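Me: Please look closely at one buried residue, then work outward from there. Keep the wording plain, and explain each term when it comes up.

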Amino acid sequence: MLDNVKIILVGTSHSGNIGSAARAMKVMGLSKMILVSPQCEVDAQAIALAAGASDIALNAEIVDTLEQAVADCGLVVGSSARSRTLEWPMLEPRECGEKFAQEGLHYPVALVFGREKTGLTNDELQKCHFHVCIPANPQYSSLNLAMAVQTLSYEVRVAYLNNEKKAYQAQPEEAYPLHHELEMFYQHLEKVVIETQFISKDQPGQVMNKLRRLFTRSRPESQEINMLRGVLTSIEKHRSNQ
């Protein structure tokens with residue numbers, strides 16, 4: 001899913017922001033950067049601030065318009081402050097991450113970030129299905145570009161990991177043996193360890209109790225019990241052939 005997430009930077013004017021955004025992306029497992037009409041190049045400063053994520057900055061796709069960047073995307077979300085003039089469906093960052101984790105399974109999805117000073121134009125914002133606003137401190141809401149990329153990329157990753165966890169938990173657990181199946185195993189085990197003279201037939205209790213405790217503590221699954229019984233059967237066959 002993370003491979004379907006595009007981070008689109010529009011009209012970036014400072015190369016260091018491209019490098020810092022690349023670093024923010026890579027930390028969260030994202031790799032697809034699109035630069036729309038950048039006002040700078042991926043230069044030495046960008047590489048320096050990428051700090052190990054220069055591959056993302058150097059491989060960034062460069063296009064002329066936002067429309068080109070999102071042509072193949074099924075979901076486009078623009079990062080923006082809440083606008084009083086342009087009413088548009090808004091998402092909280094957590095909601096945004098959840099939508100990306102869900103829809104990114106099926107097609108490319110894009111997070112769009114605007115210019116450092118002026119953000120996205122109204123025309124660009126109208127190309128987005130939703131806008132997302134980071135609820136920063138209203139007395140000091142100055143987030144730089146890389147910070148915004150880091151925050152929203154983090155939400156995407158958290159939602160992705162939560163979905164992975166749910167999918168793992170939804171997998172059927174291995175069945176555990178029923179009580180009578182365990183008792184049959186213990187009887188089989190006792191029979192074999194007596195036949196091989198590992199324990200005395202007259203005093204099997206102490207060792208068998210410890211073996212029971214061992215298997216109770218490890219709680220083997222049904223498949224594992226069947227495997228162990230197969231080992232015991234193999235030992236019996238080997239002894240009968242001697």
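Reply: **A close look at Ser79**

Ser79 counts as buried because its relative accessibility is 17%; buried means under 20% relative accessible area, exposed means over 50%, and partly exposed is in between, with a 1.4 Å probe and protein chains only. The model is predicted, so local features need pLDDT of at least 70 and side-chain atom pairs count only at pLDDT 80 or more, while totals for chains, interfaces and linings use all residues. Residues are numbered from 1 along each chain as its sequence is written, and side-chain values use heavy atoms, with hydrogens and water left out.

Ser79 belongs to strand β4, residues 75–79. Strands (E, at least two residues) and helices (H or I, at least four) are DSSP runs, numbered from the N terminus. Contact means heavy atoms within 4.5 Å. With neighbours within four places in sequence set aside, Ser79 is in contact with Val112, Phe113, Leu120, Val132 and Leu152.

One of these partners, Phe113, leads to the nonpolar core. Such a core is a set of buried Ala, Val, Leu, Ile, Met, Phe, Trp, Tyr and Cys residues joined through side-chain atoms within 4.5 Å. The largest has 33 residues, and those touching the most other members are Ile7, Leu9, Met33, Phe100, Leu111, Phe113 and Val149. Two or more residues of this core come from each of β1 (5–10), α1, β2 (32–36), α3 (54–58), β4, α5 (93–103), β6 (109–113) and α7 (145–170). Met33 touches a list of residues more than four places away in sequence, including Ile7, Leu9, Ile18, Met25 and Ile56. A second, separate core has 15 residues, among them Val10, Ile34, Val63 and Val70.

Strand β4 also leads to strand β7 (residues 130–132), where Phe130 is found. The C-alpha atoms of Phe130 and Val77 are separated by 4.9 Å, although the two residues are 53 apart along the chain. Apart from neighbours within four places in sequence, the contacts of Phe130 include Leu75, Val76, Val77 and Gly78, as well as Trp88 and Lys99.

Two helices on the list for the largest core can be followed through one residue each. Gly19 is found in helix α1, residues 15–27. At 0% relative accessibility, Gly19 is counted as buried. Its contacts, beyond neighbours within four places in sequence, are Ala46, Leu49 and Ala50. Between the C-alpha atoms of Gly19 and Gln45, which are 26 residues apart along the chain, the separation is 7.5 Å. Helix α7 holds Glu155. Glu155 counts as buried, at 9% relative accessibility. With the same exclusion of neighbours within four places in sequence, Glu155 is in contact with Pro93, Arg94 and Gly97.

Next come the cysteines. A disulfide is a pair of cysteine sulfur atoms within 2.5 Å, and a search of the whole structure finds zero of them. Cys73 is in no disulfide, and its nearest cysteine sulfur, in Cys128, is 10 Å away. Cys133 has its closest cysteine sulfur in Cys96, at 12 Å, which is too far for a bond. Both residues are buried: Cys73 has 13% relative accessibility, and Cys133 has 14%.

Now the wider view. The protein chain is divided into domain 1 (2–169) and domain 2 (179–241), with bounds from an automatic or database domain assignment. Taken over C-alpha atoms, the domain centres are 59 Å apart.

The aromatic pairs come last. Rings of Phe, Tyr and Trp (its six-membered ring) pair if their centres lie within 6.5 Å; planes under 30 degrees apart count as stacked, over 60 as edge-to-face and the rest as tilted. The whole structure has two such pairs. Phe185 and Tyr186 have ring centres 5.5 Å apart and planes at 50°, so this pair is tilted. Phe185 and Phe215 form an edge-to-face pair, with 5.0 Å between centres and 90° between planes. Because Phe185 lies in helix α8 (residues 179–195) and Phe215 in helix α9 (residues 205–218), that pair ties together parts 30 residues apart in sequence. Phe185 is buried at 2% relative accessibility, and Phe215 is buried with a relative accessible area of 15%. Phe185, Tyr186 and Phe215 form one aromatic cluster.
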